[in-house]
There are 2 protein chains.
Amino acid sequence: MRVSQTNSRTNLAGDLLLHLGGSGDGPLHERVKRALRAAIRDGRIEVGTALPPSRQLAADLGCSRWAVTEAYGQLVAEGYLEARTGSATRVRWSNAADADERRPAAGQTPLPRFDLAPGLPDLRAFPRRRWADAVRAQVTTAEFTEFGYPPPGGHPRLRRLLAEYLGRSRGVVAGPQDVTVCTSVTDGVRRVCQTLRAQGITAVGCEEPGWTRLREVISAAGLRAVPIPTDDGGVHVEDLAAQADLRAVLTTPAHQFPLGSVLVPERRAALLHWARRVDGVVLEDDYDAEFRYDRRPVAALQGMDPSRVVLFKSLSKVVSPALGIGWIVAPPRWTALLHETDQTATQPPTLDQLAFAALLESGAYDRHLRACRHRYRDRRDALVRSLADQLPDAPVSGIAAGLHLILRLPVTVNTEAVVRAAADRSLRVADLTAYHATDARAEHGLVLGYGNLADSAVEEAVGLLRAAIEESR
Amino acid sequence: MRVSQTNSRTNLAGDLLLHLGGSGDGPLHERVKRALRAAIRDGRIEVGTALPPSRQLAADLGCSRWAVTEAYGQLVAEGYLEARTGSATRVRWSNAADADERRPAAGQTPLPRFDLAPGLPDLRAFPRRRWADAVRAQVTTAEFTEFGYPPPGGHPRLRRLLAEYLGRSRGVVAGPQDVTVCTSVTDGVRRVCQTLRAQGITAVGCEEPGWTRLREVISAAGLRAVPIPTDDGGVHVEDLAAQADLRAVLTTPAHQFPLGSVLVPERRAALLHWARRVDGVVLEDDYDAEFRYDRRPVAALQGMDPSRVVLFKSLSKVVSPALGIGWIVAPPRWTALLHETDQTATQPPTLDQLAFAALLESGAYDRHLRACRHRYRDRRDALVRSLADQLPDAPVSGIAAGLHLILRLPVTVNTEAVVRAAADRSLRVADLTAYHATDARAEHGLVLGYGNLADSAVEEAVGLLRAAIEESR
C-alpha cells in the first residue's frame, strides 16, 4: 500500500494499524514510531508526504495524542521526518540504514540550546568532586566481600541512612528494613506493579494529567491505568472512590506532576480513608518534594499511614539520572513480597550505593540539596519575572516548588504548534495536553522545566518562546 | 493443620502445596521457601520436626530437587531450620519477626570460611585503585550533559570499545551498534526473552545440567525452559533438533556450566545449521571464556554466524558482580527489537560505564584479565593436586578453564549429605545434581569453584572436604 498526499489521512492510519502490534510489543508511542518508520523505510509513505496533525492521527488510531507527538518527535530526531513551523510534519527520507544503530556519540547528539522540558535537575551542578572522593573512599576501605553480589533490597548501610534521612526530611516513618533500594522511580513502580498483580490487583488509578512514562510502566506490567481527574487541589478522591474495582492509586501529593499543585489536607485524609476502606494501597511518587520555595515542604503522605502507602523516590530529579539510584519505602508485607517476587532485580552497583550512603552520612547530600534549593528558587523567580514581562497574557500556575511551572495560554494558541515552533528555535518545551491520557477536559498550556536551564539563558529562552507563541496564534 | 513428626512427609507436602501459589508469585524455590517459612511461623510445623529429605519432598511437590535444597538452605541461613550432619534438617524456631527484614549489615553476614560455591571471581583482586582513578578521571572530564539520562543501549563510547575488545579477544564480529549494555547476564537474558516472546517464540532449550538461575529467568519471562541433554562434548544438537517446536537455545559453548566441557567443533557447526534451518536463535552465555589455561580460548560461536547468535557476558565472573555491568551482542534486527521492547530498561550508571570504557581503552582491563588468568591457573593446579593427593578415588573433570571444576564421587557417597557436612565445617560446595532440571540421568559429583578461594586456603579446604565426604559415605 502506498500513501499519496491526497488521501494520506485514512490510508496512513489504516497502514499503521496493520503494523502496530499488540501491547506485548512495547509502549504505544514506540509501536507507533516503529510502524511509522517501517512505512517510511519500505517506501509505503513517500518522501515529502505531509503527515496528519497528531490530534487527528491519535483519534484515527484510537490512542493518546502524546503517543503520536512522541513518535513524531523521535522520528524527527532520527531524520525520518522534518517539522517546519507553520506547516505539517513531512517525511524526509534519511539514507541511514537504521538511525537507532548509528546513534552519534553523546557529545554529538544534537541537543536543543535551551532545554525547558521538565524532568532534569541542574546537570551543571553535579557534585563532581564530592562524588569522586566518596567513590575513592569507599573503594579503598570496603571489605573485599563487598565486591560480591549486592545484597537484595540494597546495601544495609544505605537502607539505614535513607530511613534516617527520610524521617528527618520528609516525615517518613520507616526503619531500614522498610527501605528497598532500586534504580529509579520507573524501576520501583514496575517492581511494585508486578507485586500488585501477583496479589490480584488489576488496575491502578493515575492522576489525569500525570506522568506518561509511569502510566506506560503500569500498562506494561499488565495492569490497567485508570485516569482520575486531578485539579489544583490534587487528585479527586471522590472520583477515585467511585471506581468500584480500584484498590491502588499512583499520586504525587507533595507537588502534582504536571499541574504543580499540592494535595489539599482534606483530600490527603480522604485518600487514606479510601485506602483503608478498600484494603488498598497508595503509591506516592515523591519525585521533587525537597524543593519548595515558599514554605517547608509538605511531609510525605507515607508518614500518616505507613501501612497503606508505598513511597517512591530517586536521585534523578535531585542530583542526576545518570547515577541510577532510587528507593521504595513500603509496609513490611509489601517489602517482603517485593524481595520475593524478583530476586534477580538489578541493584545499583555496590560502590555507588556506598558512595551515596557516605554523602548522606557526612551531611554533604543535605548541603547539596540546600544549595540547589536556593539556586532553583532564584531561577524560578527570574523565569516568572521574565514571563510576566514578555508574556503578560499568559498566567503562570503551580506552587513555588520543584523544577517546573505551568504557563497557561489562551485557547486560541495551538500549543502543539508552539512546541514545534520552539523546536525550530532550538528551544525545547512540553505541551501540557501531552500529559493527558484522554483529551477530555485537557488543560491548555505549556510545561516549562527550569532545572537544567542556565541562569544566563532565562531571558533569551523566554524571548524565543514568545516568538514561537506569536507565530502559533 | 499441624504436622507431627510421625506423618510429616505427606502432611507437609500437602500443606506446602496449599500455600505454594502460582508461577506469578516468583521462582519456585522462593515459593517453596515462603510456604515453608509461613508454615513454621504460623506454628503448623513444630520446632524439632524433621523435614523429609529434599529428594523426597521434591517428588511430593512435583518440583526439582534444587528448588527444595535452595529453600532449605535459605531457611537455614535465616535461622528457621537447622542442618546437622548425619541427621535430617529440622525446624529451629527463630524469634525473629522476619529474618528478611533484619538482614544483618554486610560485614556481619555469616560467610563460610571457605567458599567453593561456583560463580564468583577473586574478590580480593578487585582493581580498587584503577577503578577509583578511572571514576575520578571520568567524573572530572565528562561533559555536563553526561549527567542526564544514560542513552538507551549503553554509552556509545563503551559500545565502541566493547565491540573492539570482543573482536580481538573473542572473535566476535560486531560493530558498536550491535552491542547493548545491560546490567548482568541475568538481565540480558531476561530482556532478550521478553523480545523472543513478543516475536512468538514460546520455548528455549536449556543445557541439562545448566545454570539454574537462567532457567528461572526464562520461565519468569513466560517461556518454557526445555532441558536438552548435555555431556562432555557440550549440548546434544540432535536432541535439540528433535524438539519440533524449538527455535531458541541457551548454551555455554566455550565452557559448559557446570560440566566444564567445550562444545565440540562438529556440534558447533550443527548448532548453527539447526538455527538456520528453524529460523532460530542461539543464546550464547560466554560467562568465563577468557579463562582458559591449556590453550587459547575457543572463539565465540557468535563470530561464526553473527546473524543467528546473541552473545551475553558480564563483569560478574571476571571482575566483580558488584559493578553491575554486562552486555549483549545481537544481530541488528534483535538489537532494534531489544531497544524498542523496553525503553525503560535500567542502564548501568553513566560514570561506571565510562570508567569501564576507560579501563578497556587504556589496556588496564586486558592486564587485569591476564593477571587473573595466571592466578586462577596456579590456583586450579594447586586444587587439582591437593584433590588428587587427599581424594585419590574422586576424579576431576572439566577442561583447564574458568573458575570451577567437577569432582566426581562414587555413587555410594550422598552428595547432598556432603554439602551439609561441609557447611557444618564452614565450607561451601555445590551439589552437581542441583543444576539438573530433572533427576533423570543426573550426574553425580560436586561443583567446586576456586575463583574466590584464597591460595593459602586450598589445602585446608580440601582436608575439610575429605572429612565431609568420609562422613557421608
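User: In this predicted model, which relative accessible area counts as buried?
Analyst: A residue is called buried when its relative accessible area falls under a fixed cut-off. The same scale calls a residue exposed over 50% and partly exposed in between. The cut-off for buried is under 20%.

User: Are A:Phe257 and A:Tyr435 buried or exposed?
Analyst: These two residues form an aromatic pair, with ring centres 5.3 Å apart. In terms of accessible area, both residues fall in one class. Both A:Phe257 and A:Tyr435 are buried.

User: What kind of pair do the rings of A:Phe257 and A:Tyr435 form?
Analyst: Planes over 60 degrees apart count as edge-to-face. The planes of A:Phe257 and A:Tyr435 stand at 90 degrees, so the pair is edge-to-face.

User: How many residues apart in sequence are the parts that this pair of A:Phe257 and A:Tyr435 ties together?
Analyst: A:Phe257 lies in the loop between strand 8 (248-251) and helix 10 (265-277) of chain A. A:Tyr435 lies in the loop between strand 15 (430-431) and strand 16 (445-449) of chain A. The pair therefore ties together parts separated in sequence by 178 residues.

User: What kind of aromatic pair do A:Trp327 and A:Phe356 form?
Analyst: Their ring centres are 5.8 Å apart, and the planes differ by 25 degrees. Planes under 30 degrees apart count as stacked. The pair of A:Trp327 and A:Phe356 is therefore stacked.

User: Which elements hold A:Trp327 and A:Phe356?
Analyst: The two residues belong to parts of chain A that are 29 residues apart in sequence, and the pair ties these parts together. A:Trp327 is buried at a relative accessible area of 0%, and A:Phe356 is buried at 1%. A:Trp327 lies in strand 11 (residues 326-329) and A:Phe356 in helix 12 (residues 350-362).

User: Which residues do ring pairs link into a cluster with A:Trp327 and A:Phe356?
Analyst: The structure holds 18 aromatic pairs over all chains. Ring pairs join A:Trp327 and A:Phe356 to further residues in a cluster. Those further residues are A:Tyr165 and A:Tyr365.

User: What covers the buried residues of helix 6 of chain A?
Analyst: Helix 6 (residues 156-170) has 15 residues and reaches 20 Å from its first C-alpha to its last, close to the 21 Å expected. Its buried residues include A:Leu158, A:Leu162, A:Tyr165 and A:Leu166. The covering elements in chain A include strand 4 (179-182), strand 11, helix 11 (332-341), helix 12 and helix 13 (364-390).

User: Which residue follows helix 6 of chain A, and what is its phi?
Analyst: Helix 6 of chain A covers residues 156-170. The residue that follows the helix has a positive phi. That residue is A:Gly171, with phi near 65 degrees.

User: Which residues touch the most other members of the largest nonpolar core?
Analyst: In soluble globular proteins, nonpolar side chains tend to be buried together. The largest nonpolar core has 138 residues. B:Tyr365, one of those asked for, touches residues including B:Tyr165, B:Trp327 and B:Phe356. The residues that touch the most other members are A:Trp131, A:Tyr365, A:Leu465, B:Trp131, B:Tyr365 and B:Leu465.

User: At what distance from the ring centre of B:Trp334 does B:Arg333 lie?
Analyst: In chain A, the charged end of A:Arg333 sits over the ring of A:Trp334, 5.0 Å from its centre. In chain B, B:Arg333 lies over the face of B:Trp334. The distance from the ring centre in chain B is 5.0 Å.

User: Which residue does a cis peptide bond join to B:Phe257?
Analyst: In chain A, a cis peptide bond joins A:Glu208 and A:Pro209, with omega about 5 degrees. In chain B, the cis bond at B:Phe257 also has an omega of about 5 degrees. Its partner is found in the loop between strand 8 (248-251) and helix 10 (265-277) of chain B. The partner is B:Pro258.

User: What is the relative accessible area of B:Asp279?
Analyst: B:Asp279 lies in the loop between helix 10 and strand 9 (281-285) of chain B. Its phi is positive, near 55 degrees, although the residue is not glycine. B:Asp279 is partly exposed, and its relative accessible area is 40%.

User: Over which residues of chain A does pLDDT stay under 50?
Analyst: Chain A averages a pLDDT of 88, and 91% of its residues score at least 70. Two stretches with pLDDT under 50 are residues 1-10 and residues 94-109.

Technical notes: Residues are numbered from 1 along each chain as its sequence is written. Chains are lettered from A and ligands numbered from 1 in the order in which they are written. This is a predicted model: local features need pLDDT of at least 70, side-chain atom pairs count only at pLDDT 80 or more; totals for chains, interfaces and linings use all residues. Side-chain values use heavy atoms; hydrogens and water are left out. pLDDT is the predictor's confidence in each residue, from 0 to 100. Contact means heavy atoms within 4.5 Å. Rings of Phe, Tyr and Trp (its six-membered ring) pair if their centres lie within 6.5 Å; planes under 30 degrees apart count as stacked, over 60 as edge-to-face and the rest as tilted. Helices (H or I, at least four residues) and strands (E, at least two) are DSSP runs, numbered from the N terminus. Buried means under 20% relative accessible area, exposed over 50%, partly exposed in between (1.4 Å probe, protein chains only). A charge sits over a ring if NZ of Lys or CZ of Arg is within 6 Å of the ring centre and within 35 degrees of the ring normal. The expected span of a helix is 1.5 Å times one less than its number of residues. A nonpolar core is a set of buried Ala, Val, Leu, Ile, Met, Phe, Trp, Tyr and Cys residues joined through side-chain atoms within 4.5 Å. Lists of a residue's contacts leave out its neighbours within four places in sequence.
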